[in-house]
Amino acid sequence: MYTEKIKDYKIKDDAVILAIESSCDETAAAVIKGGRHILSSEIMSSSAEHIKFGGVVPEIASRAHTVAISLVVEKAIESAGITLQDLDAVAVTYGAGLLGALLVGVSYAKALAFSLGIPLVPVSHIRGHLSASYLENKELEPPFISLLASGGHTAVIVVKSYTEYQILGSTLDDAVGEAFDKVARVLGLSYPGGPNVERLAREGENNVKLPKMLKGEGGYNFSYSGLKTAVINYKHGKEQRGEEFSKADLACSFQCSAVDILVQKAIEASDEFGINTVTAGGGVVANGYLRDKLLSECQKRGKTLILPPKWLCTDNAAMIGAEGYIQYKKGNFAGIDLNAKARVDLA
Ligand code: KG4
Ligand code: ZN
């Protein structure tokens, strides 16, 4: 019955979409109008509950989502100044992420879409990160070059149209955010690692020699495991010899090595494809050094940089609403049998 009803649904340009995100430790809901206007965005994080374990514990994250989801959705609806009856569709992250965590959002979204008789739109979290740029600049249109740098992915992408991506290169091993998190642990910094490494790096200098990754020979691919191992070896070597060393300098040197190559490859792609607009998304794009570097390199070369604010780079539901609108316009509606997926393809 639901499927029959949705078949006749008339797609609207100014659709009001409720977006739900629960792929990791943030329970988030947002209301987006016409794909570009954020009417509300709410986030509740269980990150404090994971600190003592040094990383996200899937079971704890799932339970926290169960407790938070109704509250977060109610707040999003209320602060958007609408009622559930004003919604045209419900978009939800179905992957990639922690299965148990995703299932909380997917189940909630299914129930809501079914009860309201409106489309259920499945959204890839990865595409969501890339679509955050549409919220930052309401005139942004493909084609553009996008740098994706998150805890699970690292890639340089040509966004050819709203729905077509060309992946120029991605990571051969660890994602850049993963490298930040692992280095944080080595340096004795608590979860979440990335922001803590950034904080420490601010007090240090880039004076530790670390390997430059795949510069020149790797095309647009990345590799972070060698860099991570070099940081571990440097620290252990110093400790074994009983030599003093600056953790801040090591953090700063790591951050420069990890980030410079991202910026370099994004710029190279823009040059090679003659596409002058560059965007970026994913949690690591909240890094101040990366933001400054991207901006200065783009300015130097007369390129337009669309950089979403930090809160739109880390996990949120507004970006899921932006990508949800693109999928909604395409008529990509899911049935009530929608399942969560731990992994989804990049493009
Ligand atoms: O996009 P995101 O919130 O979740 C995924 O989709 O993976 O990215 C999380 C990653 C984590 O590895 C986190 O350490 C990193 O982004 N991150 C940062 C910063 N803020 C978050 N890395 C470096 N500097 C930051 N300020
Ligand atoms: Zn993410």
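How far is the sulfur of Cys-24 from the closest cysteine sulfur, and which residue holds that sulfur? The distance is 16 Å and the residue is Cys-313, which is too far for a bond. This is a predicted model, and the structure holds 0 disulfides. The points below cover the cysteines, helix α4, an open sheet of 5 strands, and several single residues with their surroundings.

**Cysteines**

- Cys-24 is partly exposed, because its relative accessibility is 23% and the range for that class starts where buried ends, at 20%.
- Cys-252 is likewise in no disulfide, its nearest cysteine sulfur being that of Cys-256 at 4.3 Å.
- That distance does not qualify because a disulfide requires two cysteine sulfur atoms within 2.5 Å.
- Cys-252 is buried, with a relative accessible area of 10%.

**Helix α4**

- Helix α4 covers residues 99-116, 18 residues in total.
- From first C-alpha to last, α4 reaches 25 Å, close to the 26 Å expected at 1.5 Å a residue.
- Buried positions in α4 are Ala-101, Leu-102, Val-104, Gly-105, Val-106, Ala-109, Lys-110, Leu-112 and Ala-113.
- In an α-helix, residues three or four places apart point the same way, because there are 3.6 residues a turn.
- The cover over the buried residues of α4 includes two helices, α1 (2-7) and α3 (58-79), along with the strands β1 (16-21), β4 (89-95) and β5 (120-124).
- Gly-117, just after α4, has a positive phi of about 70°.

**The open sheet**

- The strand order is β8-β7-β6-β9-β10, in an open sheet of 5 strands with mixed pairing.
- β8 (165-170) and β10 (304-306) are the edge strands; each has a single partner strand, so one side of each has no neighbour in the sheet.
- From one strand to the next, the twist averages 25°.
- Helix α10 (residues 288-300) packs on this sheet and touches β6 (144-149), β9 (277-281) and β10.
- The direction of α10 makes about 155° with that of β10.
- Strand pairing in a sheet is through backbone hydrogen bonds, and may be parallel or antiparallel.
- β7 (residues 154-159) and β8 run antiparallel and are joined by 5 bridges.
- These two strands, β7 and β8, form a hairpin with 5 residues between them.
- Ala-155 has Ser-170 in β8 as its bridge partner, and Ile-157 stands opposite Ile-167 in β8.

**Ser-253 in α9**

- Ser-253 lies in helix α9, residues 247-273.
- Ser-253 has a relative accessible area of 0% and is therefore buried.
- Apart from residues up to four places away in sequence, Ser-253 touches Glu-205, Asn-206, Asn-207, Val-208 and Leu-210.
- A polar atom of the Ser-253 side chain lies 3.0 Å from the backbone nitrogen of Val-208.
- Ser-253 is also 8.2 Å from Gly-204, C-alpha to C-alpha, with 49 residues of separation in sequence.

**Glu-198 in α7**

- Glu-198 belongs to helix α7, residues 193-201.
- The relative accessible area of Glu-198 is 11%, so Glu-198 is buried.
- Beyond its neighbours within four places in sequence, Glu-198 is in contact with Gln-255, Ala-286, Asn-287, Gly-288 and Tyr-289.

**Asp-88 in the loop between α3 and β4**

- Asp-88 sits in the loop between α3 and β4.
- With 8% relative accessibility, Asp-88 is buried.
- The side chains of Asp-88 and Lys-12 are joined by a polar contact of 2.5 Å.
- Contacts of Asp-88, leaving aside neighbours within four places in sequence, are Tyr-9, Lys-12, Asp-14, Ala-15, Val-16, Ile-118, Pro-119 and Tyr-328.

**Gly-331 after α12**

- Gly-331 falls in the segment after α12 (318-329).
- Gly-331 is partly exposed, with a relative accessible area of 34%.
- Lys-7 and Gly-331 are 324 residues apart in sequence, while their C-alpha atoms are 9.5 Å apart in space.

Terms used
Residues are numbered from 1 along each chain as its sequence is written. Chains are lettered from A and ligands numbered from 1 in the order in which they are written. This is a predicted model: local features need pLDDT of at least 70, side-chain atom pairs count only at pLDDT 80 or more; totals for chains, interfaces and linings use all residues. Side-chain values use heavy atoms; hydrogens and water are left out. Helices (H or I, at least four residues) and strands (E, at least two) are DSSP runs, numbered from the N terminus. The expected span of a helix is 1.5 Å times one less than its number of residues. Buried means under 20% relative accessible area, exposed over 50%, partly exposed in between (1.4 Å probe, protein chains only). Contact means heavy atoms within 4.5 Å. Two strands pair if DSSP finds at least two bridges between them. Axes are lines fitted to C-alpha atoms, for helices over the stretch in contact, and angles run from 0 to 180 degrees between N-to-C directions. A polar contact is a pair of N or O atoms within 3.5 Å; within protein, one must be able to donate a hydrogen and the other to accept it, and residues adjacent in sequence count only if both atoms are side-chain atoms.
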